[in-house]
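Thanks, everyone. Let me put the model up, and then I'll walk through some helix packing, the cores and a few single residues.

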Amino acid sequence: MRRLVDGLVEVMASPSAGFSAAQLTSALMRWRGVTDVTLLGVSNATSTLLPLTTATLPRLNSLAVREAPGHNLSFLSLWDVPVFSSALGATLRVLDFSFRPGICSMDAVRNCAQLKCLWMPGCFNLSDLSPLAACSETLEELWVAGSGFVDMLTPLKACTKLRKLDLRGCSVKLYGEAEDLQETCPQLADPLTVKLEGLVHELRPDIPPMKQEHAMSVLHSMTDEKADETQAALATAAAIPPLVLLLGCASSPDVQAAASDALGYLATRRAENKAAVAAAGAIPPLVQLLQGPTSSAVVLQAAAYTLSDLAANHAENQAAIAVSGAIQRLVQLLGCDSAAYVQSAAGALRSLTVNNADNQATIAASGAIQQLVQLLRHGLAEFTQVNAARALVSLAFGHPGNQDTIVAAGAIRPLVQLLRPGHLSGMQEAAADVLGILADDRFKSKVKIAIVPLVQLLGRASSEDAKRAAANALGSLGSLAAVATTGAIPALRQLLGAGSSTDLQAAAAGALRKLGF
């Protein structure tokens, strides 16, 4: 036993011999003013801790039971922790039983009415939090990471001063299958981050694949429910680096695909997260998964979608993905006989070309336009045609050279056909958008075959977006007399009514102005 500084005592025991109660009592009586005690290498909690009373240590504030240096297995014999006396519990503010796997209950704190900090990470058999009721009015920090199955979180509701909580690697109760942590612990400074930190803990490479997949599936569902809040919190919880690591070292394709999907969810709405995912080094392994000859279908599709999410409206990521060699592979995938491959590849090409003249030129030079137009004619599924049409929108916008190539590839007739009834509203919207871009003086004579289907779309389209695209296209064709004679004017005026959204009313008004009405 040695006194380190005033008020602090460190007690070293031999893991084989331990302490006797008399020895410890005699030693501690010499330093009755001690406030902090650390016991190292304790092998029998009852015989060692019982001498700690207000008679021996009337001012005891902090008690820690830790590993003995050089005796890394001494913790295995520490099983029993006695309930502290009421008098002693009244003085204790900090208890530290870190990494004592034999401890299976919190009974020691039942009389600790003034406890502020309880550290029990690595107490693998811990399950019942009900003893915390004794210190519910004072507890500020609870650390039980890696404590296995925490049965109920309800006792935490009463801990109104709780500000720090570490439950990483604990119960599936944290994962939304029972009580919701955010509802249970509204007093936490950031309960969502605490919950997410528990999930992030499950993403480490040494965690079994099934647990990794489960954690990532929960992250997906949470992001769907509260996208903006969860995406910000996930970045705070440091989820990005372990997910990027799993892209290259995951033990199964399903884990790789799940990691890729999770990164895509993170990048969907927040520019900050797009930049953070790229800065963490995600783009090279994603491109590698896209190009890898052994990548499974689910991995390849997930990588393409995630690259699309990273590129969307983010110029730096668009450039980085292009430099990585992804474009050539994505164009190759347009020729596959898998609808899933084609759909994800066309979506990624679209994201890479939005407001990016360099990528528009590179993708057009790779022969993508001809393949996309071919998909309009003979798509493997309607969703592949939707993404093909949307890719043509971003390739054509503001790029006259690509517009020439699209017309030369014979896109106008299949685009007009996709305006007809029976097609998805997203398809009709994308087709009308492309036709609107092509409806300049160079191609008006060719695009005029779309006038009647566009007018019909104003009245029967199931979505306002499709109607808006049709109105914009008719406005671009306004100098053609045929527009005014096919019923476009009354159809556009009807869209000015109160039943239309502000955006649709603006599109209809703009078209009418261009038509001279």
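Start at the contact between α15 and α16. On the α15 side we have Leu349, Leu352 and Thr353, and they meet Asn359, Gln360 and Ile363 of α16. By type, the residues of this contact are 3 nonpolar, 3 polar and no charged. Bear in mind that this is a predicted model.

Now the geometry. Helix α15 covers residues 339–353, and helix α16 covers residues 357–365. They pack at an angle of about 140 degrees, with axes 8 Å apart. That makes α15 oblique to α16. The cut-off matters here, because roughly antiparallel begins over 145 degrees.

What sits in the loop between α15 and α16? Asn355 has its place there. Asn355 is not a glycine, yet its phi is positive, at about 55 degrees. Is Asn355 buried or exposed? It counts as exposed, at 67% relative accessibility.

There is another asparagine to put beside it. Asn313 lies in the loop between α12 (297–311) and α13 (315–323). Its phi is near 55 degrees, again a positive value in a residue other than glycine. Asn313 is exposed, with a relative accessible area of 67%.

Stay with asparagines for a moment. Asn402 belongs to helix α19, residues 400–408. Asn402 has a relative accessible area of 3%. The limit for buried is under 20%, so Asn402 is buried. Which residues does Asn402 touch, leaving aside neighbours within four places in sequence? They are Gln360, Ala364, Ile369 and Leu395. Gln360 we have met already, on the α16 side of the contact with α15.

Next pair: α8 and α9. Helix α8 is residues 240–249, and helix α9 is residues 253–267. Their axes come within 8 Å and cross at roughly 140 degrees. The crossing of α8 past α9 is left-handed. From α8, the contact takes in Ile240, Leu243, Val244, Leu246 and Leu247. From α9 come Val255, Gln256, Ala259, Ser260, Ala262, Leu263 and Leu266. How do the residues of this contact divide? Into 10 nonpolar, 2 polar and no charged.

Third pair: α11 and α14. Helix α11 is residues 283–291, and helix α14 is residues 326–333. Here the axes come within 10 Å, and the crossing is at roughly 35 degrees. α11 also passes α14 in a left-handed crossing. Val287, Leu290 and Gln291 of α11 make the contact with Ala326, Arg329, Leu330 and Leu333 of α14. The division in this contact is 5 nonpolar, 1 polar and 1 charged.

Just ahead of α11 is a loop worth a look. Gly281 is in the loop between α10 (271–279) and α11. At 29% relative accessibility, Gly281 counts as partly exposed. Gly281 is 40 residues from Pro241 in sequence, but their C-alpha atoms are 8.4 Å apart in space.

On to the cores. The largest nonpolar core has 108 residues. Which of them touch the most other members? Leu243, Leu263, Leu334, Leu372, Leu392, Val447 and Leu454. Two of these, Leu243 and Leu263, are in the contact of α8 with α9. Take Leu372 as an example. Beyond its neighbours within four places in sequence, Leu372 is in contact with Leu334, Ala346, Ala388, Ala391, Leu392 and Leu395. Another core lies apart from this one. It has 31 residues, among them Val37, Leu63, Cys135 and Leu162.

One more loop residue: Leu424. Leu424 is found between α20 (412–417) and α21 (425–438). Its relative accessibility is 32%, so Leu424 counts as partly exposed. Outside its neighbours within four places in sequence, Leu424 is in contact with Glu382, Phe383 and Val386. Gln385 is 39 residues away along the chain, and the C-alpha atoms of Leu424 and Gln385 are separated by 9.9 Å.

Last, the chain overall. It has 27 helices and 8 strands. Of its 517 residues, 52% count as buried. Take the contacts between residues at least 6 apart in sequence: 62% of them join residues at least 24 apart.

That's the tour. Over to the group.

Methods: Residues numbered from 1 in each chain as written. Predicted model: local features only at pLDDT ≥ 70, side-chain atom pairs only at ≥ 80, totals over all residues. Heavy atoms only, no water. Axes fitted to C-alpha atoms, helices over the stretch in contact; angles between N-to-C directions. Helix = DSSP H or I, 4+ residues; strand = E, 2+ residues; numbered from the N terminus. Parallel < 35°, antiparallel > 145°, perpendicular 65-115°, else oblique. Contact = heavy atoms within 4.5 Å. Nonpolar A, V, L, I, M, F, W, Y, C, P; charged D, E, K, R; others polar. Left-handed = near helix turned anticlockwise from the far one by under 90°. Core = buried A, V, L, I, M, F, W, Y, C linked by side-chain atoms within 4.5 Å. Buried < 20%, exposed > 50% of the residue type's maximum accessible area, 1.4 Å probe, protein only.
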